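Dear colleague,

I am handing over a structure for you to look at, and my notes on helix packing and enclosed space follow below it. Please read them with the coordinates open beside you.

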Amino acid sequence: MTLIPELTILQPADKEAIDLPRTLKDELAVGKKRLYIESYGCQMNFADSEIVAAVMRNAGFATTSSAEDADLIFLNTCAIRENAEQKVRNRLKHLTGLKRQKPELLVGMLGCMAERLKTKLLEEEKVVDIVAGPDAYRDIPKLVEEAESGQKAVNVFLSREETYADISPIRLNSNGVTAFVSIMRGCDNMCSFCVVPFTRGRERSRDAHSVVREAQDLFDQGYREVTLLGQNVDSYKWQGESEPVVTFANLLEMVALIHPDLRVRFSTSHPKDITDDVLYTMAKYDNICKYIHLPAQSGNSRVLKIMNRTYDRPWYIGKIDRIREILGEDCGISTDMISGFCTEDEAEHQESLSLMDYVRYDYAYMFAYSERPGTLAAKKYTDDIPEDVKKRRLNEIIAKQLEHSTIRNQRHIGQVQRVLIEGTSKRSDDFLCGRNDQNKMVVFPKGNLAKGQYVDVLVTECTSATLLGEVVSR
């Protein structure tokens with residue numbers, strides 16, 4: 001029996017890399033066609049690429065890390081911002097040259113950009129042979145067959161049932177320690193700036209037992225951390241035949257009970273849906289990480305209303321207060337923040353900064369508003385904030401967050417942190433790195449340690465992004 005090596009994917013660790021492609025490494029295979037995938041954007045896209053890799057392996061393909069060696073190239077795309085789409089457009093220009101050299105090469109567009117543009121992609125980008133939306137991945141082998149016969153192949157049907165619960169994803173994570181587990185698909189929140197409901201469809205929750213099985217299998221394979229993924233995990237709700245309803249708090253507990261050494265994370269939460277039950281479940285189990293991504297988007301109630309976020313500033317602050325009451329001051333909290341949304345004035349921008357001062361986020365994803373065609377905001381509001389004002393406000397948000405990240409990291413100096421080792425530090429092979437409970441990267445001397453182990457690290461210094469320390473015994 002020939003052993004097939006673990007597939008891996010390159011994962012940029014810092015925020016600046018959010019638009020960089022993530023690519024496969026080589027899979028040993030003889031006499032098979034080669035598949036190359038680049039994944040752009042969010043963790044859901046990364047998880048979807050694992051599903052696509054599994055589907056295509058069953059169809060007889062093996063993966064390659066080189067586009068030049070591929071018979072089939074997929075770009076798994078993001079449509080959340082204009083910049084993300086432009087990166088893909090630029091990438092297609094390179095692939096056009098590659099296809100001239102290799103006419104039999106097939107190029108496919110997957111994911112949210114494919115769903116947003118649909119057949120228009122085939123008209124605008126002649127190099128593209130296949131267009132498949134996020135709910136069409138089972139159909140990809142058939143689409144490839146169509147394309148091989150010389151036809152353009154498209155499936156952008158959005159499903160109300162598809163969760164891919166029965167497909168075992170091929171783990172593309174490079175460290176063999178952490179993995180993503182998708183628990184639901186789609187989104188019912190019609191935030192006016194967001195294209196996701198139109199590109200990923202309605203919410204549907206995955207069979208809770210299949211989630212637990214997948215997490216158990218990962219633990220048995222040596223993985224020590226799973227991140228439960230959904231556009232809004234707090235609205236997870238599933239009920240089997242003659243079974244009680246499983247809420248997100250219930251699911252968190254079910255996964256946590258697999259083993260105390262299996263760390264559990266989740267993303268993303270919506271302020272209107274995260275419940276005290278979830279917070280109390282997090283407090284109950286040491287292996288559920290004390291970290292919550294709770295996007296605010298704005299600190300002003302009027303702006304939040306036209307964003308259709310369905311909460312206001314006091315509601316959001318109330319959620320922050322409950323997190324601190326139940327999980328303590330050390331619980332990590334991160335956010336998304338948008339500068340220059342339609343009609344935002346200077347005083348409202350200052351309210352976003354003051355909210356940041358109140359919360360003191362550990363980390364933030366920060367963007368200037370980018371109008372997305374087809375969204376409610378594009379239909380109802382004028383994108384009326386000048387670009388230079390958006391950028392200036394964004395720079396103020398970034399400066400504020402750097403200040404707060406440093407303050408939050410300094411809290412850990414002198415503390416002993418439990419760290420799951422993920423691999424070697426980027427800067428030196430003499431150091432290892434891993435994350436603590438609050439999702440912060442910790443770097444420490446290698447010694448005789450190896451990835452996949454838990455270690456206790458005394459934090460001795462920090463930057464705004466990293467904790468530094470020495471391994472100790474409790």
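The crossing of helix 12 with helix 14 is right-handed, and please keep in mind throughout that this is a predicted model. Helix 12 covers residues 346-359 and helix 14 covers residues 387-410, and their axes come within 10 Å and cross at roughly 15 degrees. Because angles under 35 degrees count as roughly parallel, helix 12 is described as roughly parallel to helix 14. On the side of helix 12 the contact is made by Glu346, His349, Gln350, Leu353, Met356 and Asp357, while helix 14 contributes Arg392, Arg393, Glu396, Ile397, Lys400, Gln401 and His404. Sorted by class, the residues of this contact are 3 nonpolar, 4 polar and 6 charged.

A second helix pair is formed by helix 7 (residues 208-220) and helix 8 (residues 248-256), which pack at an angle of about 30 degrees with their axes 9 Å apart. Helix 7 and helix 8 are therefore also described as roughly parallel to each other, and helix 7 passes helix 8 in a right-handed crossing. In this contact Ala208, His209, Val211, Val212 and Ala215 of helix 7 meet Leu251, Met254 and Val255 of helix 8, and the residues involved divide into 7 nonpolar, 1 polar and no charged.

Turning to enclosed space, the count comes to 2 cavities of 30 Å³ or more. The largest cavity holds about 70 Å³ of space, and of the 13 residues that line it, Ile51, Pro169, Ser182, Arg206 and Glu214 are the closest to its centre. At least two residues of that lining come from helix 1 (43-58), and strand 8 (178-182) likewise supplies at least two. By class, the lining of the largest cavity has 7 nonpolar, 2 polar and 4 charged residues.

The second largest cavity has a volume of about 30 Å³, and its lining consists of Ile274, Thr275, Asp276, Leu279, Lys319, Arg322 and Ile323. Two or more of these residues come from helix 9 (276-284), and two or more from helix 11 (313-327), with helix 11 giving the most, namely 3 residues. The lining of the second largest cavity divides into 3 nonpolar, 1 polar and 3 charged residues.

With best regards

Terms used:
Residues are numbered from 1 along each chain as its sequence is written. This is a predicted model: local features need pLDDT of at least 70, side-chain atom pairs count only at pLDDT 80 or more; totals for chains, interfaces and linings use all residues. Side-chain values use heavy atoms; hydrogens and water are left out. On a 1 Å grid over the protein atoms alone, a cavity is a set of points where a 1.4 Å probe fits but cannot get out, and a pocket is an open set with protein on both sides within 12 Å along at least five of seven lines; lining residues have an atom within 4 Å of a point. Grid points are joined across faces, edges and corners, and a volume is the space filled by probe spheres set on the points. Helices (H or I, at least four residues) and strands (E, at least two) are DSSP runs, numbered from the N terminus. Ala, Val, Leu, Ile, Met, Phe, Trp, Tyr, Cys and Pro count as nonpolar, Asp, Glu, Lys and Arg as charged, and the others, Gly among them, as polar. Axes are lines fitted to C-alpha atoms, for helices over the stretch in contact, and angles run from 0 to 180 degrees between N-to-C directions. Angles under 35 degrees count as roughly parallel, over 145 as roughly antiparallel, 65 to 115 as roughly perpendicular and the rest as oblique. A crossing is left-handed if the near helix is turned anticlockwise from the far one by less than a right angle, and right-handed if clockwise. Contact means heavy atoms within 4.5 Å.
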